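Open your viewer, load the model and keep the selection box handy. We will go from stop to stop, and at each one you will find something to select and something to look at.

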Amino acid sequence: MLHLGWGYGVWGSRLASYTNDKMAAAAKRSEADSSDTDSADEKQKIKLRPLSCLEPGVTINLALIVLNQPLDHQYPHLIQLWNRATIRAATDGASNHLHDLMVTREGTDYVPDLLTGDFDSARPEVLDFMKEKGAKLVETEDQNYTDFTKCLRIVHRTLEHNKLHIDCLVALGAFGGRFDHTISAVNTLYDAAKTVKYPVYLIGDDNIACLLQPGSYSIEVDTGLEDGWCALMPIGGKCTTISTTGLKYNLENQSMEFGGLISTSNYLDPEAREVTVTTDSPVVWAMGIKRLKLKAK
């Protein structure tokens, strides 16, 4: 169990006059400037490796939030994420699923560091068990925000309070079940972007998604866990200009909006090691995950 302080309080041409030697020198400078520009463009790209959180053999610091969804079919992902997490949190009803896993899988320990929510979904005996085992219970009664949004804010403040560095935050159980819960999880990505600087990934039902703010991105897709399909969606408003490389159906200075073009049912180029995205508006990137296999004991 991680011992933390809980800091949860209330982004004309001159060449015509040159001699041949000067022209050659100018050309060399031009090539150098072009090279520098290309290098600068590469440096300005935000590099993401979404599936590094599940990639075998990788060292990564992450914060994990377990959401209220059944965990049996996501168990291999849970194990990988749980073992890599610097801080582990769960929302309200997720405590039931973690508790049930410990009952059915003897010898496992899935007691989170932090358990948050209005506790209208968690069974009373589960709350007592989690508290007894060392989980910090934080009641959040504000009904204007979802349990996920409130939990993420508390986790973020806790990380800042304890000066803990993470490479990303992962929410497991973000997809599946009710459609409105899925949309609310995506909405939390937009809310989190106001304050957090690290990537926030949603995982569930063999999908992973994140929010790309306006800018240029290099998304690495060579972990071996990518399942082929991918999507770019302008959720929340029109995307005026977006360009990509590394996809089967690339976008080239095109616009996207609901009721018009959106890039769903797209696929990664089998030869691509990265996907580049340049966008002037927030868009959601999503792709499929190959399910991890548990090692035989």
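## First stop: threonine 116

Select threonine 116 and show what surrounds it: leaving aside neighbours within four places in sequence, threonine 116 is in contact with Ala90, Thr91, Asp92, Val138, Thr140, Asp147, Cys151 and Ile154. Keep in mind as you look around that this is a predicted model. Threonine 116 lies in strand S4. It counts as buried because its relative accessible area is 0%, and the cut-off for buried is under 20%.

## Along helix H5

Among the contacts of threonine 116 you saw Cys151 and Ile154, and both are also listed among the buried residues of H5. Now select residues 147-161, which make up helix H5. How far apart are its end C-alpha atoms? They are 21 Å apart, which agrees with the span of 21 Å expected for 15 residues at 1.5 Å a residue.

Colour the buried residues of H5 next: Phe148, Thr149, Lys150, Cys151, Leu152, Ile154, Val155, His156, Thr158 and Leu159. Pause at cysteine 151, which is buried with a relative accessible area of 0%. If you step past the helix, you come to lysine 163, which follows H5 and has a positive phi, near 50 degrees.

## Where H5 meets H6

Add residues 179-192, helix H6, to your selection. Two packed helices are described by the angle between their axes and the distance between the axes. Here the axes of H5 and H6 come within 9 Å and cross at roughly 35 degrees. Is the crossing left-handed or right-handed? The crossing of H5 and H6 is right-handed.

To see the contact itself, show side chains for Phe148, Thr149, Leu152 and Arg153 in H5, and for Ala185, Thr188, Asp191 and Ala192 in H6. The residues of this contact divide into four nonpolar, two polar and two charged.

Stay with H6 for a moment. Its 14 residues should span 20 Å at 1.5 Å a residue, and the end C-alpha atoms are indeed 20 Å apart. The buried residues of H6 are Thr182, Ala185, Val186, Thr188, Leu189, Asp191 and Ala192. To find what covers them, show H5, S7, S8 and strand S15 (283-289), which are included in that cover.

## Over to helix H3

Select residues 94-104 for helix H3, and pick out asparagine 96 within it. Is asparagine 96 buried or exposed? It counts as buried, because its relative accessibility is 10%. Not counting residues up to four places away in sequence, asparagine 96 touches Ser121, Ala122, Arg123 and Val126.

Asparagine 96 has company: the buried residues of H3 are Ala94, Ser95, Asn96, Leu98, His99, Leu101 and Met102. They pack against strand S2 (62-66), helix H2 (75-84), strand S3 (85-91), strand S4 (114-117) and helix H4 (124-132). Strand S4 is where the tour began, with threonine 116.

## A loop residue with a distant partner

Now go to glutamine 69, in the loop between S2 and H2. At 12% relative accessibility, glutamine 69 counts as buried. Draw a distance from its C-alpha to that of glycine 173: the two residues are 104 apart in sequence and 5.2 Å apart in space. Leaving aside neighbours within four places in sequence, glutamine 69 is in contact with Gln74, His97, Gly173, Phe175, Gly176 and Gly177.

## Two positive phi values

Most residues other than glycine have a negative phi. Select aspartate 205, in the loop between strand S7 (200-204) and strand S8 (207-212). Its phi is positive, near 50 degrees, and at 34% relative accessibility aspartate 205 counts as partly exposed. Then select asparagine 253, in the loop between strand S11 (239-245) and strand S12 (254-256). Asparagine 253 also has a positive phi, of about 50 degrees, and at 58% relative accessibility it counts as exposed.

## Last stop: serine 265

Finish in strand S13 (residues 263-267), where you will find serine 265. Serine 265 counts as exposed, at 56% relative accessibility. Not counting residues up to four places away in sequence, serine 265 touches Cys230 and Tyr249. Click on cysteine 230 too: it is buried, with a relative accessible area of 1%. How many disulfides are there to look for? The count comes to zero, taking a disulfide as a pair of cysteine sulfur atoms within 2.5 Å.

Conventions: Residues are numbered from 1 along each chain as its sequence is written. This is a predicted model: local features need pLDDT of at least 70, side-chain atom pairs count only at pLDDT 80 or more; totals for chains, interfaces and linings use all residues. Side-chain values use heavy atoms; hydrogens and water are left out. Helices (H or I, at least four residues) and strands (E, at least two) are DSSP runs, numbered from the N terminus. The expected span of a helix is 1.5 Å times one less than its number of residues. Buried means under 20% relative accessible area, exposed over 50%, partly exposed in between (1.4 Å probe, protein chains only). Contact means heavy atoms within 4.5 Å. Axes are lines fitted to C-alpha atoms, for helices over the stretch in contact, and angles run from 0 to 180 degrees between N-to-C directions. A crossing is left-handed if the near helix is turned anticlockwise from the far one by less than a right angle, and right-handed if clockwise. Ala, Val, Leu, Ile, Met, Phe, Trp, Tyr, Cys and Pro count as nonpolar, Asp, Glu, Lys and Arg as charged, and the others, Gly among them, as polar.
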